[in-house]
Amino acid sequence: MTPRLRTAVAVAGAALLVRRALRRRIEASPLWPMPALDPPTSGRPRSRALRLLVASHRTIADGVVQLRLEGGQLPPWQPGAHLDVVLPSGLVRQYSLCGDPADTSSYTVAARLVADGRGGSREVHEQVVAGMELEVRGPRNRFPLVEAASYVFVAGGIGITPILSMVRAVPDGVAWRLLYCGRTRGSMPFLAELAGDERVTVVAEDEDGRPDLGALAVPEGAAVYCCGPEGLMAAVAERFPAVRLERFAPRADSGGDHAFELELRRSGRTLTVPADSSVLAAVRAELPDTPYSCAQGFCGTCQQRVLEGEVEHRDELLTDTERADSMLICVSRARSGRLVLDL
C-alpha cells in the first residue's frame, strides 16, 4: 500500500468513527427519533396530519351525523376551532369542533347532509363508519371567542357547531344570548341541550317563520358571532357590521368577474383566465401537478406566491400578512388586468 493510499484509508476511517460518535449522541438525545413532517405544499406548511379512529358515527338530528374521533394525546383547541378532515376519497372538508376542549383523547364534529353539494357531506354520511381511520389536520381557529362584556350568538342549523363550544365557555357572570334558527326542530342538532336555557331563543321556520333580527337586542360592548347559511349571515352582517362570521362554504358569487392575464414567471408562460373560470383551472391546464384540495378557499393547499398584481382575496383562511404576497388560486382573482405568480 502506497503512503498516499494509507493516508486516504486513515482519513476515511477517522471520518467513519466521527460519524458513528455523532450518531450515538443524536440517538441519545430526548428528541430522537425526530417526528416525520408533512412536506410543505405551495410554500404553506400544512398542519401535521393525525390518523384518528372513528369511535362513533351516529345521527343526532334529521340529516346530521356526529363523529367522535379518538387518538392519543391530541393537540389542544379553543372554542371556534375546526378540523380539516381528509375523507376516504381524498376530499378535504372542514368541520367545527363541538365537543369538550378538556377532552384531549378525542375530537367531536358534526356534519349535515347537503343533497346538492359537492359530495363531501354524502361521503361522511354514507361511507364513513365507526371503526375506520380518518386523517385530520389541525385544529385551526379563525373564529376565536374574544373577551367581551357580553355576547350575542346567532346560529343557523349546522352553524350551531362552533357556537355550541362558545356558549359553554362564556365565563360565569358574563351575559350572553343565543338565537338558534332552523327549518324544523327535528333538523336542529344539540337542541335538547340548549332549548331549556332561558338565554336561548329557538326559531323553527315551520312553526315560527323566519327569525326577526330586528328584535335582536345587542348591548353596547357585546361581541356578536354568527354561523349558518349564507343568507342568514348576510342579514346579520347587514344589521350588525362588526359581527364575527364563520363560513364553510364559498361566499356567494358577486358576479361581474372579468378575464385577466396570468403570468407564470418560473415556467415562462402567460395565460388568460376567463371570467367564468378560476386561476386554479387555468394553471392546472398548463401545470397539471399543481396541488389543490378543497377548491373552496379553506384548506390552503393551493396557496401560491404573488410577484405582481393586485389580488381580490375571496378565501376564508389567509391572514392579512399572508395576503400581502400570496393567494389561494382556487377562489381568488385579479382585481385588475394582470397577475404574476411564482410558478
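User: Happy to dig into this one with you. Which residues line the largest cavity?

Analyst: Glad to help, and please keep in mind that this is a predicted model. The count comes to one cavity of 30 Å³ or more, and the largest cavity has a volume of about 30 Å³. The residues that line this largest cavity are Tyr 292, Ser 293, Cys 294, Ala 295, Gly 297, Phe 298, Cys 299, Gly 300, Cys 302 and Cys 330.

User: How many residues of the lining of the largest cavity are charged?

Analyst: Let's sort the lining by residue class. Seven of the lining residues are nonpolar and three are polar. The number of charged residues in the lining is therefore zero, given that Asp, Glu, Lys and Arg are the ones that count as charged.

User: Which residues does Leu 280 touch, not counting residues up to four places away in sequence?

Analyst: Leu 280 sits in helix H7, residues 279-286, and counts as buried at 6% relative accessibility. Its C-alpha atom is separated by 9.2 Å from that of Pro 291, 11 residues apart along the chain. Two of the residues that Leu 280 touches, Tyr 292 and Cys 330, also line the largest cavity. Leaving out residues up to four places away in sequence, Leu 280 touches Tyr 292, Ile 329 and Cys 330.

User: Now for helix H6: within what arc do its buried residues fall, seen down the axis?

Analyst: In H6, which spans residues 230-239, the buried residues are Leu 232, Met 233 and Val 236. Viewed down the helix axis, these buried residues line one face, because they fall within an arc of 95°.

User: What do the buried residues of H6 pack against?

Analyst: It helps to separate the two sides of this helix. The face turned away from the buried side carries the exposed residues Gly 231 and Glu 238. The buried residues of H6, on the other hand, pack against strands S7 (150-156), S10 (222-227) and S11 (244-246).

User: Is Glu 246 buried or exposed?

Analyst: Glu 246 belongs to strand S11, one of the strands against which the buried residues of H6 pack. Among the residues that Glu 246 touches are Cys 226, Cys 227 and Met 233. Its relative accessibility is 1%, under the 20% cut-off, so Glu 246 counts as buried.

User: What residue has a side chain joined to that of Glu 246 by a polar contact of 3.2 Å?

Analyst: The contacts of Glu 246 include Gly 80, His 82, Ser 96, Arg 142 and Phe 143. In one of these pairs, a polar contact of 3.2 Å joins the two side chains, and the partner is Arg 142.

User: How many of the 10 residues of helix H3 are buried?

Analyst: H3 covers residues 160-169, and its buried residues are Ile 160, Thr 161, Pro 162, Ile 163, Leu 164, Ser 165, Met 166 and Val 167. What covers them includes strand S4 (92-96), strand S5 (106-112), S7, S8, H4 and S10. The helix is largely enclosed by the rest of the structure, because the number of its residues that are buried is eight.

User: Where is Cys 98 found?

Analyst: Cys 98 touches Thr 161 and Leu 164, which are among the buried residues of H3. At 3% relative accessibility, Cys 98 counts as buried. Cys 98 is found in the loop between S4 and S5.

User: What is phi of Phe 190?

Analyst: Phe 190 lies in the loop between strand S8 (175-182) and helix H4 (191-194), and is buried with a relative accessible area of 15%. The residues in contact with Phe 190 include Cys 98 and Gln 66, the latter placed in strand S2. Phi takes a positive value here, in a residue other than glycine, and is near 65°.

User: One last backbone detail: what is omega of the cis peptide bond that joins Gly 138 and Pro 139?

Analyst: Pro 139 has its place in strand S6, residues 133-140. The bond that joins Gly 138 to this proline is a cis peptide bond, with omega of about 5°.

Definitions and conventions: Residues numbered from 1 in each chain as written. Predicted model: local features only at pLDDT ≥ 70, side-chain atom pairs only at ≥ 80, totals over all residues. Heavy atoms only, no water. 1 Å grid on protein atoms, 1.4 Å probe; cavity = no way out; pocket = protein on both sides within 12 Å on 5 of 7 lines; lining within 4 Å. Points joined across faces, edges and corners; volume = space filled by probe spheres on them. Buried < 20%, exposed > 50% of the residue type's maximum accessible area, 1.4 Å probe, protein only. Helix = DSSP H or I, 4+ residues; strand = E, 2+ residues; numbered from the N terminus. Arc of directions from axis to C-beta. Contact = heavy atoms within 4.5 Å. Polar contact = N/O pair within 3.5 Å; in protein donor to acceptor, adjacent residues only side chain to side chain.
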